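Work through the exercises below with the sequence and the 3D structure at hand. Each task is followed by a solution in steps.

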Amino acid sequence: MIAGFRLYLTVETLEYLQKGGRIGKAAALLGSALQMKPVLEIREGGVEAKERIRIKSKAVAHIQELVVQETAGRSRIYLGILHAAAPEEAHGLRPILWLG
């Protein structure tokens, strides 16, 4: 299961990515000014920026597309939806991502 594990996420603010050393101060300042909502992937312990998007709803839609692409043709998948203080948004994703 670990080999096929993927975690896609977007963040409301770049502040904590900068504080955690994932992005530089200049990138955080510029990204915040442009209201960037990066789509990130965690795979094999590393964090990779998949896309840089300016609108949160588009970032979430892109994550949905990634999930559909990653699961296409698979007979068995395990899918979880996580949130940090956004239960309504997470609950809204359930019918969209229900693949079975």
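**Exercise 1. State how many salt bridges the structure has.**

Step 1. Start from the rule: a salt bridge is a side-chain nitrogen of Lys or Arg within 4 Å of a carboxyl oxygen of Asp or Glu. Side chains of opposite charge can pair when their charged atoms come close.

Step 2. Applied here, the rule gives 7 salt bridges.

Step 3. Keep the source in mind: this is a predicted model, in which local features need pLDDT of at least 70 and side-chain atom pairs count only at pLDDT 80 or more, while totals for chains, interfaces and linings use all residues. Residues are numbered from 1 along each chain as its sequence is written, and side-chain values use heavy atoms, with hydrogens and water left out.

**Exercise 2. Describe the salt bridges of Glu12 and Lys56, and place them in the chain.**

Step 1. Lys37 and Glu12 form a salt bridge, with N and O 3.9 Å apart. Lys37 belongs to strand E2, whereas Glu12 sits in the loop between E1 and helix H1 (15-19), 25 residues away. Helices (H or I, at least four residues) and strands (E, at least two) are DSSP runs, numbered from the N terminus.

Step 2. Glu12 also pairs with Lys56, where the closest N and O atoms are 2.9 Å apart. This pair ties together parts that are 44 residues apart in sequence, because Lys56 lies in helix H3 and Glu12 in the loop between E1 and H1.

Step 3. Lys56 has a further salt bridge, to Glu89, at 3.0 Å from N to O. Here helix H3 is linked with helix H4, and the two residues are 33 apart.

Step 4. Now classify the residues: buried means under 20% relative accessible area, exposed over 50%, and partly exposed in between (1.4 Å probe, protein chains only). Lys37, at 11%, is buried. Lys56 is partly exposed at 22%, and Glu89 is partly exposed at 45%.

Step 5. Finally, note the network of salt bridges that links Arg6, Glu41, Lys50 and Glu70.

**Exercise 3. Find what surrounds Thr10.**

Step 1. Locate Thr10 in strand E1 (residues 7-10).

Step 2. Look for contacts (heavy atoms within 4.5 Å). Leaving out residues up to four places away in sequence, Thr10 touches Lys37, Pro38, Ala59, Val60 and Ile63.

Step 3. Check the Thr10 side chain: one of its polar atoms lies 2.9 Å from the backbone oxygen of Pro38.

**Exercise 4. Describe the lining of the largest pocket.**

Step 1. Fix the term: on a 1 Å grid over the protein atoms alone, a pocket is an open set of points with protein on both sides within 12 Å along at least five of seven lines, and lining residues have an atom within 4 Å of a point.

Step 2. The largest pocket is lined by 32 residues, and Leu7, Tyr8, Gly80, Ile81 and Leu82 lie nearest its centre. The elements giving two or more residues to this lining are E1, helix H3 (56-71) and helix H4 (87-97). H3 gives the most, with 7 residues.

Step 3. Sort the lining by class, where Ala, Val, Leu, Ile, Met, Phe, Trp, Tyr, Cys and Pro count as nonpolar, Asp, Glu, Lys and Arg as charged, and the others, Gly among them, as polar. The lining of the largest pocket has 19 nonpolar, 6 polar and 7 charged residues.

How values were computed
A polar contact is a pair of N or O atoms within 3.5 Å; within protein, one must be able to donate a hydrogen and the other to accept it, and residues adjacent in sequence count only if both atoms are side-chain atoms. On a 1 Å grid over the protein atoms alone, a cavity is a set of points where a 1.4 Å probe fits but cannot get out, and a pocket is an open set with protein on both sides within 12 Å along at least five of seven lines; lining residues have an atom within 4 Å of a point.
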